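Please look at the sequence and the model below, and keep both in view while you read the report that follows.

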Amino acid sequence: MFRLVRGTGHILDVLDVLHRDRLALRIHDGAFSAMDVTARPPRTGELLSTVKFMVQTLAAAGELQRDLPREPTYDGLRAAEAKGSKGGRRPAVAADKTGDVRNTYLEGRSIAALARDHGVSRGAIRTAVADLIPDHTAIEEGTPAPELPVTLDMPGKVADFLRAAELDAVERAALDPGVTVRRGQGYTLRVTAVSAVHRQLLARCQPLDGGQDLLAVPAQRKARREYENRVSTLTPGP
């Protein structure tokens, strides 16, 4: 029962919800096992005063039991803070090296290079120079800027063709999670991918324009041109 509620006020809220939804609560063991904690007289519909008293008393005892171990812990933490100790994990960059790391970073050394120099992760270096990053951004060696995915609406006729085509793993991973949006008698597939993948998918549906002994269907050709127009608005990736 003590795992069900957080305190004396919360247990009454729980019992009100049970009463509203006409649910009974049976505790198999412990302090509440011999008590019908949902008992209410049909005439008033209010919780019996004796039940309310016992529930609040036992819940208060459970709350006290949970809080007692916390107080020595909090006292110990406050005492440690007064002595200058800080809780949590020790930083990967030792305190006596932090100054050198920060100075070298300001001189233009990249985060990746500093991580190699000190044998730590890039995240550890970023933590050591966190307050300097907004004013001085170093370019990590050999790390291109990541390309952000873009969401485009793919006409349903294009999506139907691509789903039946042979795609590579990257293209399939972009197409399969697409969100279907119904539009009249047709639909569009909302596909999220980087611009390079959108261009790959556009190239895959080139047969919809006809050629190579394939008969072009006007509706499919129009759908492909619509998708081509949307892809053409994307900025080329790095």
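## Contacts along the chain

Among the contacts in this predicted model that join residues at least 6 apart in sequence, 62% are between residues at least 24 apart.

## Burial and surface

The chain has 238 residues, and 29% of them count as buried, a term that here stands for a relative accessible area under 20%. The accessible surface of the chain comes to about 16200 Å², and carbon and sulfur atoms account for 53% of that surface.

## Order of helices and strands

Along the chain there are 10 helices and 3 strands, and a reader who follows the sequence meets them in the pattern α-α-α-α-α-α-β-α-α-β-β-α-α.

## Helix H4

Helix H4 covers residues 95-106, and because each residue is taken to add 1.5 Å, its 12 residues should span 16 Å. The C-alpha atoms at the two ends of H4 are 18 Å apart, which agrees with that expectation. Just after H4 comes Gly108, a residue with a positive phi of about 115°.

## The hairpin of E2 and E3

Strand E2, made of residues 179-183, pairs with strand E3, made of residues 186-193, and the two run in the antiparallel sense with 5 bridges between them. One of the residues involved is Val179, whose bridge partner in E3 is Arg190.

Together E2 and E3 form a hairpin in which 2 residues lie between the strands, and in this turn Gly184 has a positive phi of about 60°.

How values were computed:
Residues numbered from 1 in each chain as written. Predicted model: local features only at pLDDT ≥ 70, side-chain atom pairs only at ≥ 80, totals over all residues. Heavy atoms only, no water. Helix = DSSP H or I, 4+ residues; strand = E, 2+ residues; numbered from the N terminus. Expected span 1.5 Å × (residues − 1). Pairing = 2+ DSSP bridges. Buried < 20%, exposed > 50% of the residue type's maximum accessible area, 1.4 Å probe, protein only. Contact = heavy atoms within 4.5 Å. Areas by Shrake-Rupley, 256 points an atom, 1.4 Å probe, with all protein chains shown as cover.
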